[in-house]
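Colleague: I would like a close look at a single part of this model, one strand and what surrounds it. Could you take me through it with some care?

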Amino acid sequence: MNQEKLEKNYLMNTVQKTAKILRSFTREEPKLSLTDLHKKTGIGVSSLQRFVATLVYEGFLIRDERTKLYRLGLSLFYLGKLVEQESSLLSLAKPALKQLSDKYNESVSMSILDGNERRCIVNFDSTHLLTARNHVGDTSPLYAGASAKSLLAFLPDEEITDYLDEVKFEMITENTVVDRAQLLAELADIRAKGYAVSRKERIFGACSVSAPIQTDSSTRPVASISVIIPEVRFDDVDLEQLTSDVMAAKREIERLVH
């Protein structure tokens, strides 16, 4: 279902605007002014003030009276902890992800679909001084990087078409694929292999191998798992063994989730 159909038939405008406000905060921009929020969300200032005041009252935002900046509140932290505790996917996946991270001593992450983006929900760090990683909460477009493409490739064809019709391609690095025909060919190859490999598509110097988590082979993926390795070490890794291990972790998580 494309965004226009979704907005017309299902979305409640107030809830959607609230989600836009909360998602405006990122690791890079943890504190925002009202003007910042207006630019990021497009919500009118008077309406935005009411939304923000309500979120502050409910504990989802905190306002610094000295700087007049807003940041996410502890109510979200509490809810996030509940999600982590109750999410069977996270709890069941973590041992397999940790095992991968320990074996290769590289960053291993899990991501989910969040609208038209990939969002990291858990990451195990490498202990190397030079490392490549996903930060929890980080997002990226679905056309860039293995963790994103392994989600996009296994969506129903109609959803892939809708996404490609709507997205505005940008060259994030010199290796980012922005040609639609080339991207579709890559997605078909990912489907055939069952996993994705990327080199410096989203972050310069970072390479990754990723596979989707599907609770049913006929449905859209619920998540993707990835091993992220700096380019300087990537060619030293046995890629065949790495992809085999990633696929084994994928199957183990799927087995446990079923």
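Modeller: What follows is one connected account of strand E3, its partners, the core it belongs to and, after that, an enclosed space elsewhere in the model.

The model is a predicted one, and the strand in question, E3, spans residues 107–114. E3 is mostly covered, with seven of its eight residues buried. Two other strands pair with E3, and the pairing with E8 is antiparallel and runs over five bridges, with Val108 standing opposite Val227 of E8. The pairing with E4 is also antiparallel, and there seven bridges join the two strands; Asp114 has Glu117 in E4 as its bridge partner. E3 and E4 together make a hairpin that leaves two residues between them, and in that turn Gly115 has a positive phi of about 65°.

From the pairing one can go on to the packing. In soluble globular proteins, nonpolar side chains tend to be buried together. Here the largest nonpolar core has 25 residues, and Leu97, Met110, Ile225, Leu242, Val246 and Ile253 are those with the most contacts inside it. Two or more residues of this core come from each of helix H6 (88–104), E3, E4 (117–124), E7 (206–213), E8 (223–230) and helix H11 (239–257), and H6 gives the largest share, seven residues. A second, separate core has 20 residues, among them Leu113, Ala144, Ile160 and Leu183.

Met110 shows how the first of these cores is put together around E3. Once its neighbours within four places in sequence are left aside, Met110 is in contact with Leu89, Leu90, Ala93 and Leu97, with Arg119, Cys120, Ile121 and Val122, and with Ala223, Ser224, Ile225 and Ile253.

E7 and E8, which both contribute to the largest core, also take part in the lining of the largest cavity, where H7, E6 (196–199), E7 and E8 each supply at least two residues. That cavity holds about 160 Å³ of space, and the count of cavities of 30 Å³ or more comes to one. Its lining has 16 residues, of which Ser198, Arg202, Ala206, Ser208 and Ile228 lie nearest the centre, and E7 provides the largest share, three residues. By class, the lining divides into five nonpolar, six polar and five charged residues.

Helix H7 (residues 146–152) also holds Lys149, which counts as buried because its relative accessibility is 2%, under the 20% cut-off. Sequence neighbours within four places aside, Lys149 is in contact with Leu142, Tyr143, Val177, Leu183, Glu186, Leu187, Ile190 and Glu201.

Technical notes. Residues numbered from 1 in each chain as written. Predicted model: local features only at pLDDT ≥ 70, side-chain atom pairs only at ≥ 80, totals over all residues. Heavy atoms only, no water. Core = buried A, V, L, I, M, F, W, Y, C linked by side-chain atoms within 4.5 Å. Buried < 20%, exposed > 50% of the residue type's maximum accessible area, 1.4 Å probe, protein only. Helix = DSSP H or I, 4+ residues; strand = E, 2+ residues; numbered from the N terminus. Contact = heavy atoms within 4.5 Å. 1 Å grid on protein atoms, 1.4 Å probe; cavity = no way out; pocket = protein on both sides within 12 Å on 5 of 7 lines; lining within 4 Å. Points joined across faces, edges and corners; volume = space filled by probe spheres on them. Nonpolar A, V, L, I, M, F, W, Y, C, P; charged D, E, K, R; others polar. Pairing = 2+ DSSP bridges.
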